[in-house]
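Hi there,

Here is the structure I promised to send over. Have a look at it first, and then read on for my notes.

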Amino acid sequence: MTHSLHSLPFSNSFAALPDVFYSRVAPTPFQTKPTLIHFNAEAAALLDLDPAVQHDPQFVDVFSGRQQLPGMDPIAMLYAGHQFGHYVAQLGDGRAILLGETTNARGDKWEMQLKGSGLTPYSRDADGRAVLRSSIREYLCSEAMHGLGIPTTRALCLIGSADEVYREHIETGAMITRLAPSHVRFGSFEVFYYREQYDHIKTLADYVITQHYPELAEKPDRYLRFLQTVVERSAHLLAQWQAVGFAHGVMNTDNMSILGLTLDYGPFGFMEAYHAGFICNHSDHRGRYAFDQQPDIGLFNLSCLAQTLLPLIEFDAAKAALDSYATYFTQAYQSLMTQKLGFESSLQQIAELLKELLQQMQQSRVDYTIFFRALSGVTIDNAPSDVLLRDKFIDRERFDRWLTNYRACLRSQARSDAARRHAMNAANPKYILRNYLAQQVIDQTARGDYAEIERLLTVLRTPHAEHPELSHYAEAPPAGTDPIQVSCSS
Ligand code: AMP
Ligand code: MG
């Protein structure tokens, strides 16, 4: 059964909590007439929403904050957070408004949040708006991450306007409707820890456990298990980010999801030419969130969360939960890299092979995604296809030595070339959201051509498939193009 706009059942369980956790605030509609730029039918299916609703004239009004549906109870959530290592006592949804939640026929609950919907009590000095550029980037990237099998928030639709929004330049404002089972962040707990309001921590933990970890609700040690589960999920998320070459540009604790989702897409980046110290956020001058720092930052953020739970759990138990992070991360990362390299099972030599390969890739600035995808073409016996691989490297003799070792390891496993190629293509995406591709979509959309979003989404949704007619989206940025700078300004 699918819903029309008006039959969609709405409630807001978060708004049923005491009002210390949020502020009631209605979205501020755009001043100019909003337009639907893209409707995400796949996300609509999560809500059992009939895709025909996009043609309902009220659709744009509802998801640009002009009109509310019965059962909606809009709020901005309060949180705090460690931003670039420093505790900031008061943050909160400064430009996002939680409209409410709906539960589909499978029993999955989805919160719907408008992002870019105007001022809230937590907007501080900012304007409550999101520009089209960053809204498109979030819209595309959340679908790309989902396509890659990485836990993430989703997005139902993208709505644009002619309203001017002031950043480094004048831009136009847009709104996306973000979907997640919960938008609670680590920072949602921190705010009450530092205010020494421990009862509120318990209330919030009980809410999150009941709503999102119901299997823990009856356990006497539920708060500890909750922490353990968040540790495990976050470790897994970081491993997936690392394996695919994704960097979150602002890994502050207020951008860390309590469900282990990728949350708050700002100056994110997919690694192109491999560089362990890749910094995707132009504003991150010290490289706190450099690619190779992110697993450790994940642990730092989890320690911030664990600290807030100390009123509810023993110190030693919390510490042990944090100590398990390294094991979870390493296991998950090694398993993913084992698959990327085409091995059926773990081998002692893999760590060394990988280290040497990444060093060579860094030395020769080899594109991470393109290389791993091409590696599936290697055959057990020497083959002409090697030329394509070795030509990517400056020190070809060094790469030849690596390839010889790699082949020796491959031979120790019983997989055929064809079976390995098949498995590797399922582990190594052909398509990622490269900054230059996102920028092309941004430029075309700004000119009024909305079709490019759907074209790019076609490959991002199934990034492991070949899509021969769209394979130009798999290419590295054209040589000589300046790298696109992305910063916190969005
Ligand atoms: P971010 O680094 O994007 O996660 O944002 C940090 C904090 O600033 C969050 O509390 C955001 O809600 C808030 N914020 C970011 N941009 C804006 C904006 N344009 N208007 C109001 N608040 C904002
Ligand atoms: Mg944020």
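Below is what I found, going from the ligand to the aromatic rings and then to a few single residues.

Please keep in mind that this is a predicted model, so every value here is computed from predicted coordinates.

**The ligand site**

Ligand 1 has 18 residues around it, and the closest are Gly92, Gly94, Asp127, Gly128 and Asn255. Three of these five also appear in the polar contacts I would show you. A backbone polar atom of Gly94 is 2.8 Å from an oxygen atom of the ligand. Gly128 also uses a polar backbone atom, here at 2.7 Å from a nitrogen atom of ligand 1. With Asp127 it is the side chain that takes part: one of its N or O atoms is 3.0 Å from a ligand nitrogen. On its own, ligand 1 has 480 Å² of accessible area, and the protein covers 82% of that. Sorted by class, the surrounding shell holds 8 charged, 6 polar and 4 nonpolar residues.

**The aromatic rings**

How many aromatic pairs are there? The count comes to 28. One of them joins Phe371 and Phe393 edge-to-face, with 5.7 Å from centre to centre and 85° between the planes. This pair links distant parts of the chain, as the two residues are 22 apart: Phe371 belongs to helix α10 (residues 368-375), while Phe393 is in the loop between α11 (386-390) and α12 (396-411). Both of these residues are buried.

Phe393 has another partner in Phe399, and this time the rings are stacked, at 4.2 Å centre to centre and 10° between the planes. Phe399 is buried, as is Phe393. If you colour the rings, you can follow a cluster linked by ring pairs: Tyr274, Phe343, Tyr368, Phe371, Phe372, Phe393, Phe399, Trp402 and Tyr406.

Two rings also have a charge over them. Lys340 lies over the face of Phe372, 4.8 Å from the ring centre, and Phe372 is one of the residues in the cluster above. The other case is Arg288, whose charged end sits over the ring of Phe300 at 5.0 Å from its centre.

**One more residue**

Is Leu353, in helix α9 (residues 350-364), buried or exposed? Leu353 counts as buried because its relative accessibility is 5%, and the cut-off for buried is under 20%. Between the C-alpha atoms of Leu353 and Asp381 there are 19 Å, with the two residues 28 apart along the chain.

Happy browsing, and best wishes!

Definitions and conventions:
Residues numbered from 1 in each chain as written. Chains lettered and ligands numbered in written order. Predicted model: local features only at pLDDT ≥ 70, side-chain atom pairs only at ≥ 80, totals over all residues. Heavy atoms only, no water. Near = heavy atom within 4 Å. Polar contact = N/O pair within 3.5 Å; in protein donor to acceptor, adjacent residues only side chain to side chain. Areas by Shrake-Rupley, 256 points an atom, 1.4 Å probe, with all protein chains shown as cover. Nonpolar A, V, L, I, M, F, W, Y, C, P; charged D, E, K, R; others polar. Phe/Tyr/Trp six-rings, centres within 6.5 Å; stacked < 30°, edge-to-face > 60°. Helix = DSSP H or I, 4+ residues; strand = E, 2+ residues; numbered from the N terminus. Buried < 20%, exposed > 50% of the residue type's maximum accessible area, 1.4 Å probe, protein only. Lys NZ or Arg CZ within 6 Å of the ring centre and 35° of its normal.
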